[in-house]
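Student: I'd like a close look at one part of this model. Could you pick a single helix and walk me through how its two sides differ and what it packs against?

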Amino acid sequence: MNNEKMTNEDMTYEKAISRLEEIVALLEKNEATLDESIKLYEEGTRLTLFCSERLAEAQQKITELTKE
């Protein structure tokens, strides 16, 4: 799965987490070139930000719902 080509509409929290797990596994194998590792790291950083934003949105919704 190459999530670099995915749009934000296609991306879900679950897909992002799954891709992050793939990236970690690839980096842990230590078989990627330096350039490939940097690209994977950049993709992982973007996915981490995406996941953090989704979690913050979910937390805000839960907070709003529990106030009602």
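Tutor: The buried residues of helix 1 pack against helix 2, which covers 34-67. Keep in mind that this is a predicted model. So which residues of helix 1 are buried? They are Ala16, Arg19, Leu20 and Ile23. Why do these four end up on the same side of helix 1? Because they cover an arc of only 105 degrees around the axis. The general rule behind that is simple: an α-helix has 3.6 residues a turn, so residues three or four places apart point the same way.

Now turn to the other side of helix 1, where Glu14, Glu21, Glu28 and Lys29 are exposed. Arg19, by contrast, is on the list of buried residues, so don't skip over it when you look at the side that faces helix 2.

As for the helix itself, helix 1 runs over residues 13-29, 17 residues in total. From first C-alpha to last it reaches 25 Å, close to the 24 Å expected at 1.5 Å a residue. Right after helix 1 comes Asn30, with a positive phi near 60 degrees.

To put that in the setting of the whole chain: there are 2 helices and 0 strands, and buried residues make up 18% of the 68 residues. Of the contacts between residues at least 6 apart in sequence, 59% join residues at least 24 apart. The accessible surface of the chain is about 5,500 Å², and carbon and sulfur atoms account for 54% of that.

How values were computed. Residues numbered from 1 in each chain as written. Predicted model: local features only at pLDDT ≥ 70, side-chain atom pairs only at ≥ 80, totals over all residues. Heavy atoms only, no water. Buried < 20%, exposed > 50% of the residue type's maximum accessible area, 1.4 Å probe, protein only. Contact = heavy atoms within 4.5 Å. Areas by Shrake-Rupley, 256 points an atom, 1.4 Å probe, with all protein chains shown as cover. Expected span 1.5 Å × (residues − 1). Arc of directions from axis to C-beta.
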